[in-house]
Amino acid sequence: MSTVKIVYWSGTGNTEAMAQAVANGAKNAGADAELIPVGSASVADLASAKAFALGCPSMGAEQLEEGEMEPFMADLEGSLGGKNVGLFGSYGWGNQEWMRDWEERCKGAGATVVNDEGIAFLGAPDDATISDLEALGAALAGLA
Ligand SMILES: Cc1cc2nc3c(=O)[nH]c(=O)nc-3n(C[C@H](O)[C@H](O)[C@H](O)COP(=O)(O)O)c2cc1C
């Protein structure tokens with residue numbers, strides 16, 4: 001059985017709820033799912049995975065969270081070639097620029113972004129977004 005790993009950072013729980021939905025979608029599709037807060041993740045955790053998910057809200061000024069997620073991404077970038085990456089995260093007031101930048105960064109490192117774009121949502125995910133996130137988990141289950 002494939003395992004979908006979901007590495008995420010969440011300050012107030014919105015992105016964590018999104019991560020849970022990705023995990024549920026993967027499980028419903030018959031895969032195992034592993035939720036890993038980025039502070040407990042290492043790049044080695046993802047080395048053998050063909051597909052995985054990364055979640056982070058918009059922080060700073062349209063940036064990844066800088067204490068844990070940004071350093072993790074910087075470490076991961078060199079090994080993203082050929083991977084299928086699902087991106088997701090919550091935001092508060094911006095124009096989703098952080099997600100567009102994150103997509104480009106992953107693509108520039110040689111990854112395929114599943115659905116060609118990340119799932120960004122204002123605040124806590126609504127039912128439609130939960131469904132989209134579950135579908136992302138199912139897609140990753142098929143690719144992992
Ligand atoms: C320090 C800080 C910086 C933020 N910067 C942005 C931003 O640049 N753009 C934006 O849309 N939201 C921004 N937000 C709002 C968060 O993205 C939003 O509250 C999100 O739902 C938090 O997700 P979480 O519950 O997973 O932590 C910021 C929030 C904090 C605390």
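**Close-ups of the ligand site**

**View 1. Elements around the ligand.** Helix α1 (14-28) and strand β4 (84-91) each supply at least two residues of the shell around the ligand. The model is predicted. In total, 17 residues surround the ligand. The closest are Ser10, Thr12, Ser58, Ser90 and Gly94. By class, the shell divides into 11 polar residues, five nonpolar and one charged.

**View 2. The pocket.** The ligand takes up the space of the largest pocket. Residues of α1 and β4 contribute to the shell here, at least two from each.

**View 3. Polar contacts to the ligand.** Thr12, Gly92 and Gly94 are shown with their partner atoms on the ligand. Thr12 uses its side chain: a polar atom there lies 2.4 Å from a ligand oxygen. Gly92 uses its backbone, with a polar atom 3.0 Å from a nitrogen atom of the ligand. Gly94 also offers a backbone N or O atom, and this one lies 2.6 Å from an oxygen atom of the ligand. On its own, the ligand has 640 Å² of accessible area, and the protein covers 78% of that.

**View 4. Ser90 in strand β4.** Ser90 is found in strand β4 and is among the closest residues to the ligand. A polar atom of the Ser90 side chain lies 2.8 Å from the backbone oxygen of Gly123. Is Ser90 buried or exposed? Ser90 has a relative accessible area of 5%. The cut-off for buried is under 20%, so Ser90 counts as buried.

Notes. Residues are numbered from 1 along each chain as its sequence is written. This is a predicted model: local features need pLDDT of at least 70, side-chain atom pairs count only at pLDDT 80 or more; totals for chains, interfaces and linings use all residues. Side-chain values use heavy atoms; hydrogens and water are left out. A residue is near a molecule or strand if one of its heavy atoms lies within 4 Å of it. A polar contact is a pair of N or O atoms within 3.5 Å; within protein, one must be able to donate a hydrogen and the other to accept it, and residues adjacent in sequence count only if both atoms are side-chain atoms. Accessible areas come from the Shrake-Rupley method with a 1.4 Å probe; for residues, only the protein chains shown count as cover. On a 1 Å grid over the protein atoms alone, a cavity is a set of points where a 1.4 Å probe fits but cannot get out, and a pocket is an open set with protein on both sides within 12 Å along at least five of seven lines; lining residues have an atom within 4 Å of a point. A molecule sits in a cavity or pocket if more than half of its atoms lie within 2 Å of its grid points. Helices (H or I, at least four residues) and strands (E, at least two) are DSSP runs, numbered from the N terminus. Ala, Val, Leu, Ile, Met, Phe, Trp, Tyr, Cys and Pro count as nonpolar, Asp, Glu, Lys and Arg as charged, and the others, Gly among them, as polar. Buried means under 20% relative accessible area, exposed over 50%, partly exposed in between (1.4 Å probe, protein chains only).
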